[in-house]
Every structure is written in C-alpha cells, then in structure tokens.
Amino acid sequence: MNDALLATARAWLRQDPDHQTRDELAGVITRASAGDDAAVADLADRFDSRLAFGTAGLRGELGAGSNRMNRVLVAQAAAGFAAYLLEKAAGRIPTVVIGYDGRRNSRVFATDSAELFAGAGMRAILLPRLLPTPVLAFAVRHFGADAGVMVTASHNPPNDNGYKVYLGGADEGSQIVAPADAEIAAHIQRVADAGDVGVLPRSRAYETAGEDVVDAYVAATAEVAPAPEAAAGLRWVYTAMHGVGWETFSRIVTAAGYPQPLVVDEQLRPDATFRTVSFPNPEEPGAMDLAFARARRVEADFILANDPDADRLAVAIPDASADGGWRRLTGNEVGLLLGARAARAAQGTPGASLACSLVSSPGLGAIAAHHGLDFHETLTGFKWISRAPGIVFGFEEALGYLVNPATVRDKDGISAAVAILGLAAEARERDLTIADLLAELGALYGHFASGQVSVRVEDLSIIGRVMLSLRTLPPTHIGAQAIASAEDLLQAPAGAPSGDVLRYRLADGSRVIVRPSGTEPKLKVYIDARSDSADGATQTVADLEAGVRALLEERS
C-alpha cells in the first residue's frame, strides 16, 4: 500500500465538513489499509489527480477526494476565486453573485461559496432559490457584479455536479477565458497546498437576492418575441427534463402572451435522480421519448425541451418519415432558423454580426452574407461565441443559442424558446409550420445538412491515439470523397481559432471536423454538406458518416 496516498487521503478526511463524504472516504481508507486492491485503486483514482479548473470551471462526479466534486474542493475553488477577484479589484470590494440548480449538493456548494466570499471581505449575493443558469448570467450584469458562479453540471449524468464561473465588467457576464482560467487555477492550487479548508474565514453576512432579479429576467426575456395574434392557436408540448426551467419559463410564456404548453408531467419538476432518463440531455437517444408520446396524444404542432439547467433548447416537429412520427431538429437547424430571424432584424445595422463555433453549420455564414452582416467563426464554447464583435446572435450545434446578447451574454435555452414560439406564431399567420420555415431557409440560403459521429470511450488514451494517427498519417479520402485540404488547428496562425481540432475540406465542398470533447470522454466528428436540394445534402452527409466510421475504426 502506498503510504503517501494514505496520508493524503487522511489529510483530506480531517478537513472534510460533509459527514456523507467523510464516511464514504473513511470506509475506502479502512479497506485500502487492510490490503483490499479494489479500495487501493479507488483511493488512487480519487487522489492521484484533481479536477482541473479551466474555462468551463469545474465539473465531475460527486464524492470524496481531489478528483471528485465535494465541499472541500468547492471551498478551495471559492477561496481561490475570491483571492483572484480581490487581486484584480485593486482595493475595491468586489461583488459576486452565486446561483444553483436542482442537482445533488448544488445548494450546499452555493451556500458554502457565499459564506467564503463574504468571509474574504467581498459582497456576496446568493440567488433566492434554485434557478436556471441563464438567470445567473443575467444577474451578473443586473447587479453590475465583478463575477458570478453557477453550481450546475448542466446535462451531465445524475451523479455529477460542477462550478461554472463568469466575469463581469468588460467581460459583460461571459464565461471565463484564458488567461483568467490559469490565474484562477493558480490561486485555487495555493489554497489547496495550504491544507485545511476549515481555517478559511467564513461569514453569513452574504445577501440573498430578492425576487426582483427574477422578475427583471422574466420581463427582459418576454420582450424577445412578444406574441402576435396568431399565437393563441399554438398547441405545443414542453419538458424541463427534470430540471429548473419550468417555473421561470412558464412565467415568461404568460408575460409574452403565448398559450401555456401541454407539459410532460413526469419531467416537469426538479429531480436530482433524473429518474425517467438515462442521460438528462435532449440530444441523447430516448431522452425525449416521453415528450414525443405526449405530443402524439395531443396532436401538438411542436415540442420544446430545456436541458436540466435550461441553458440549452431542443425543438422537435412532426415528421411522418421518423420513428414514432416525431423528429428532434438538429442544433444546426434550430441555429439557422434563429440566425435568419436575427439577421432579418439586424439587416442594415453597422457592425452587426452573427457568430457560431467552427463545428457548427457554415449555413450561418451564408445567412450573414445574404443580409450584409459580419460573420465570426470561433472555437467551441460560448465563452468564445459571446465575445464576437457586434454579436446579435450566436449558436453552437450542441443546442446552445444566444438570442438576447443585450441581457444574457451566454447561451440561454429560455430566451431561445421564446424566439422559437415567435417564429412558430408568425408561421401560423401564414398557415405554415416550422417544417415549412426550414424549407424556406433552404430555398433562400442554400440547402445545408449536418451530421455527427460521436465515439464514447472508457479509456481516454484511445482519443489521443486516434488524433495522433490522423496527424502522423493524414487520410486522403473520407468514404468516396477525396480530401481537398486539411488544417490542423494546433498549428493555426496567430489570431485564428486554435485548438486540438482537425478540419478537412472535401472535393465536393463538404466539411469534416474531428475533435475531442471538452466535457465528456468522447471523440466527436462533425459533418457538413451543402447541395441544391435538401435530399442531396442529406445523402451526402449519410455517405460521409459511413466513411468517417470506417476511418475511425481503422485508426482506433
């Protein structure tokens, strides 16, 4: 048995204020001390590394240890973030807003953070109750705060939680980017190296925000798309995916003048076990099955679904060719619908721009060009998209949309849902459906189709091996299509998006992008095609998906 590992675990145990994780860790230590190999391996997994703080903050499985989400790690993160903010404040008293969702320990982690921020001499404002992530992003700007923290793991598995950080001021309530992430991480590490978090100063002199901040978010978001007269006839279904979106969204629907939806009762209220889904992510197979069943029963026009912290939106429509008669739109389809809406409104505005991540549909660039707007292609993540100059709309294919940058400088599944309601009502005035709006997009801007091949792995080294193989032995074809050019974004020129991304442009004009996921143990491949017809674009994507799978199998 590794004595140093045992000593590290015992030191952690002594400072842990949570009886549940203390008991959990004490049991593992006892078994490991007795020579239980499984317990030794478990201890090593918990303490041989620590959850890394990066531009997405912290996110991981709940449990004891430096490689898990727990009260010790959160205390270290809060104290380190406080030290960073005080250093940057140059004598001022910084303000930080803290929000939390309905996951296990979210409120505990948020309250711990508020006490530690207040104990460090800062003004700490805790949101009044569990709320969607977009409300926290809004609150940072509403209070003119220096920073915000949202305790959430978004759509991760049930036993995960996370710690998402925003900066105010010139960053306008956006998620952090480099070099702030490394600077904050260094402060957190200094707190961790110092030892016992129990000696960190705490105070209950933090503020609890009033309902007025939620009221302000509701009012601002209702203005995204006030209901036209035709909205009264909309018949639609909504699911909150066991998350925190419903209460806030329902108020906004009423304030904006839309009829209330028919809801998926089993998924409407916060439930930290996410009991009806394997994965609480609308993109995952089966996650929207209850919504589809409800929509079939009530003969709905469309479905809207938020993920558990309501920063993402899924849209589904009737489709006779789909299994069960319903189809979830891709993030790219929704992004182009919302992008065209924003472009029409912004046409003629000097400096106005549309933005999307480099793995999202190139159709947004075509829309921007058609309307004479600027277009920015960024690295993946809203921390980059939200910073695009002149942005009036931004999206990423993973169901994230920024439709109201004047109030929320992050993805917001609730304001995006209001915008979709507006589009559906306007279409109804013309006796059209959302499917008809998609057809109109193709006729006006060109027919774009997208696909994705996602490979989940148990061993993360497999992803590294595949990326290395693609770099050292570059492919010449994907399926039947020759590769016309290849770009390695690790070698991108200064000023261009740079990252662990390979981008291939094919002879027929299609595009294939390969990158490791930043939040999950997955290798992701994004496929985009443009054609003179919707069927042609769809067929090209299908052919390329088969070619990609064959290539990955060959390189794995």
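## Arginine 503, helix 7 and the salt bridges

Let us start with a side-chain pair: arginine 503 and glutamate 377 make a polar contact through their side chains, at 3.0 Å. A polar contact here is a pair of N or O atoms within 3.5 Å; within protein, one must be able to donate a hydrogen and the other to accept it, and residues adjacent in sequence count only if both atoms are side-chain atoms. Please keep in mind that this is a predicted model, in which local features need pLDDT of at least 70 and side-chain atom pairs count only at pLDDT 80 or more, while totals for chains, interfaces and linings use all residues. Residues are numbered from 1 along each chain as its sequence is written, and side-chain values use heavy atoms, with hydrogens and water left out.

Arginine 503 belongs to strand 20 (residues 502-506); helices (H or I, at least four residues) and strands (E, at least two) are DSSP runs, numbered from the N terminus. With a relative accessibility of 9%, arginine 503 counts as buried. Buried means under 20% relative accessible area, exposed over 50%, and partly exposed in between (1.4 Å probe, protein chains only). Beyond its neighbours within four places in sequence, arginine 503 is in contact (heavy atoms within 4.5 Å) with residues including Leu358, Ser485, Leu489 and Val512.

Now to the charged pairs. A salt bridge is a side-chain nitrogen of Lys or Arg within 4 Å of a carboxyl oxygen of Asp or Glu, and by this rule the count comes to 32. Three of them are set out below, each with the distance between its closest N and O atoms.

| Pair | Closest N and O atoms |
|---|---|
| Glutamate 211 and arginine 129 | 2.8 Å |
| Arginine 409 and glutamate 172 | 3.3 Å |
| Glutamate 440 and arginine 430 | 3.0 Å |

Glutamate 440 sits in helix 15 (residues 434-445) and arginine 430 in the loop between helix 14 and helix 15, so this pair ties together parts that are 10 residues apart in sequence. Glutamate 440 is partly exposed, at 35% relative accessible area, and arginine 430 is partly exposed too, at 47%. Salt bridges with shared partners also join Glu377, Glu487, Arg503, Arg505, Arg511 and Asp528 into one network.

In the pair of arginine 409 and glutamate 172, arginine 409 is buried, with a relative accessible area of 12%, whereas glutamate 172 is partly exposed at 31%. Glutamate 211 is likewise partly exposed, at 34%.

Helix 7 makes a nice second stop. At 1.5 Å a residue, its 15 residues (180-194) should span 21 Å, and the end C-alpha atoms are indeed 21 Å apart; the expected span is 1.5 Å times one less than the number of residues. Which residues of helix 7 are buried? They are Ala180, Asp181, Ile184, His187, Ile188, Val191 and Ala192. These cover an arc of only 145° around the axis, which puts them on the same side of helix 7; the arc is that of the directions from the helix axis to the C-beta atoms. The face turned away from this buried side carries the exposed residues Ala182, Arg190, Asp193 and Ala194. Following helix 7 is glycine 195, with a positive phi near 105°.

What covers the buried residues of helix 7 includes helix 4 (71-89) and strand 5 (160-167). Glutamine 76 is found in helix 4 and is buried, with a relative accessible area of 2%. Not counting residues up to four places away in sequence, glutamine 76 touches Trp12, Arg50, Ile188, Val191, Ala192 and Val197.
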